[in-house]
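Let's take a relaxed walk through a protein model, stopping at a few spots that reward a closer look. Keep the picture open as you read.

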Amino acid sequence: MVQRRFFASSKAALKEELEREGNFVLDISRAEPVSEVLRFGAIKRPVKTKDFLTFNQEFLVLVKAGLPIVSALDAIIEKGGNADFVEILKEIRNDVAGGEALSTAFSRFRHIFSGLYVATLRAGEKSGNLASALSRHIQYLKKVEEIRKKVVTASVYPVILTMVSLFALIFLLTYVVPTFARTYFEAGTKLPALTLALVHFTTGIRENLVIIMAGVGLVIIGAFYLSRTESGALFLNKSKLKIPFFGQLYLHYYISRFARTLAMVLGGGIPLLEAVKTATGTMRNRFMREKLDEVTHMLEQGEGFSRSLSRVSVLPGLALRMIDAGENSGALEDVLLDLAEFYESDVETRLSVITSAIEPGLMIIMGLLIGFVVLAMYLPIFQMASTVV
């Protein structure tokens, strides 16, 4: 077998030309230039959800209109948009024009497109209904993005309130308190114990500010590097699920995401084992992903799905009973969608509770802290006033 490198417009054209010359062609693979590898290797981040959703909506419309895949991609490329994404689409278009399947062309960019999307395209190609597969994926993206936005929106106001309160407290401790203390010391005022304790506290902060900032920086850097290691990420992800109240919120969010993903993949006609592998690959919590990997190993050995989930003890009893009922009745896809809706509703409820409770809670805590500082600073003035009277 001889391996050689040629230049051609497509794989099909090259194969035809080589066979016309009397060669027996075993395989043709695309050789990527170093510049091309570097260019696409530099694109580490996935395509933005908004751009990806827009592409799929446009692609779906064109496919439904009866355009061939290459023509549909040409139309989207001509429209322009994100430069990096357009370059990737050009590569995909050339591969498809050269005889590759659409899912195979997209799978070349695994660092850009998820395995779930590739599996969806593959299912659409096998069933001969690519439009239906794209439509399901669009609905999935919209639902996942909707939940994500609700989580982000619920987090924004508490974070802003906390930051503003902290800046106000830092301003009081680093500027207002030292100013008042200097005035009192210069006047020879005898300070109450409460005021004296606060002055010593702020003095200690000011004198050791560099050390404190370095310590905080080291903790942040240490946590970052810990999260980048296998064992560290596993520990942090596992600990996240054990936080009171918030742990249940995270768990239910992951369950809803997994259930909806699995239902969508099963709906595309993909076998259960491959569907579970694909859905597990989208799980961002490493601890849960390892547990679900154990489930796939059990499935490979012939174990039932619900029984495998119960053995790894990662899902609540309610979820296990629903999945068991769906598996036994042959309606697993429908049950998974119901399960996703149930836990998404629970996540929304918990988010509203958190938002309602955190806002007044933060205001009360920061109000008490700021009130304590103000009281400690004005206490000597009140003491002097009572002495004069």
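At 45% relative accessibility, does Glu300 count as buried, partly exposed or exposed? Glu300 counts as partly exposed. We'll come back to this residue once the overall layout is clear.

## The big picture

First, a heads-up: what you're looking at is a predicted model. The protein chain is built with 17 helices and zero strands, so don't go hunting for a sheet. Of its 389 residues, 37% count as buried.

How much of the contact pattern links residues that sit well apart in the sequence? Take the contacts in the protein chain with a separation of 6 or more: 61% of them are between residues 24 or more positions apart.

## Two helices side by side

Now find helix H13 (residues 272–281) and helix H14 (residues 286–300). Their axes come within 10 Å and cross at roughly 170°. Angles over 145 degrees count as roughly antiparallel, which means that H13 is roughly antiparallel to H14. On the H13 side, the contact is made by Leu272, Leu273, Val276, Lys277 and Thr280. H14 brings Arg289, Leu292, Asp293, Thr296, Leu299 and Glu300.

Here's where Glu300 returns. Lys277 forms a salt bridge with Glu300, and the closest N and O atoms are 3.0 Å apart. Lys277 lies in helix H13 and Glu300 in helix H14, so this pair ties together parts that are 23 residues apart in sequence. Like its partner, Lys277 counts as partly exposed, with 41% relative accessibility.

## What H13 tucks away

Which residues of H13 are buried? They are Ala275, Val276, Thr278, Ala279 and Thr280. Two of these names, Val276 and Thr280, should ring a bell from the contact with H14.

H14 has company in covering them, though. What covers the buried residues of H13 includes helix H7 (115–127), H12, H14 and helix H15 (305–312).

## A salt-bridge network

A search of the whole structure finds eleven salt bridges. One of them joins the side chains of Lys143 and Glu344, at 3.9 Å from N to O. The pair links distant parts of the chain: Lys143 is in helix H8 (residues 130–187), Glu344 is in helix H17 (residues 332–388), and they are 201 residues apart. Lys143 is buried, with a relative accessible area of 18%. Glu344 is buried too, with a relative accessible area of 5%.

These two belong to a network of salt bridges that links Lys143, Arg260, Glu341 and Glu344. Look for Arg260 in helix H12. At 11% relative accessibility, Arg260 counts as buried. Leaving aside its neighbours within four places in sequence, Arg260 is in contact with Tyr140, Lys143, Leu337, Ala340, Glu341 and Glu344.

## An arginine without a salt bridge

Stay in helix H12 (residues 246–267) and find Arg257. Arg257 is buried yet has no salt bridge. Why not? The nearest side chain of opposite charge, Glu145, is 8.1 Å away, and a salt bridge needs the nitrogen within 4 Å of a carboxyl oxygen, so Glu145 doesn't qualify.

Arg257 does have another kind of partner: a polar contact of 3.3 Å joins its side chain to that of Tyr140. Beyond its neighbours within four places in sequence, Arg257 is in contact with Tyr140 and Val144. Notice that Tyr140 turns up for both arginines, since it is also among the contacts of Arg260.

## A few more stops

Past H14, Glu303 forms a salt bridge with Arg311, the closest N and O atoms being 2.9 Å apart. Glu303 is partly exposed, with a relative accessible area of 23%.

Next comes Ser313, in the loop between H15 and helix H16 (317–329). Its phi is near 55°, a positive value in a residue other than glycine. At 60% relative accessibility, Ser313 counts as exposed.

Finally, look at another serine, Ser231, in helix H11 (residues 230–240). Ser231 counts as exposed, at 57% relative accessibility. How far apart are the C-alpha atoms of Ser231 and Phe287? They are separated by 9.9 Å, with the two residues 56 residues apart along the chain.

Notes:
Residues numbered from 1 in each chain as written. Predicted model: local features only at pLDDT ≥ 70, side-chain atom pairs only at ≥ 80, totals over all residues. Heavy atoms only, no water. Helix = DSSP H or I, 4+ residues; strand = E, 2+ residues; numbered from the N terminus. Buried < 20%, exposed > 50% of the residue type's maximum accessible area, 1.4 Å probe, protein only. Lys, Arg positive; Asp, Glu negative; His and termini not counted. Polar contact = N/O pair within 3.5 Å; in protein donor to acceptor, adjacent residues only side chain to side chain. Contact = heavy atoms within 4.5 Å. Axes fitted to C-alpha atoms, helices over the stretch in contact; angles between N-to-C directions. Parallel < 35°, antiparallel > 145°, perpendicular 65-115°, else oblique.
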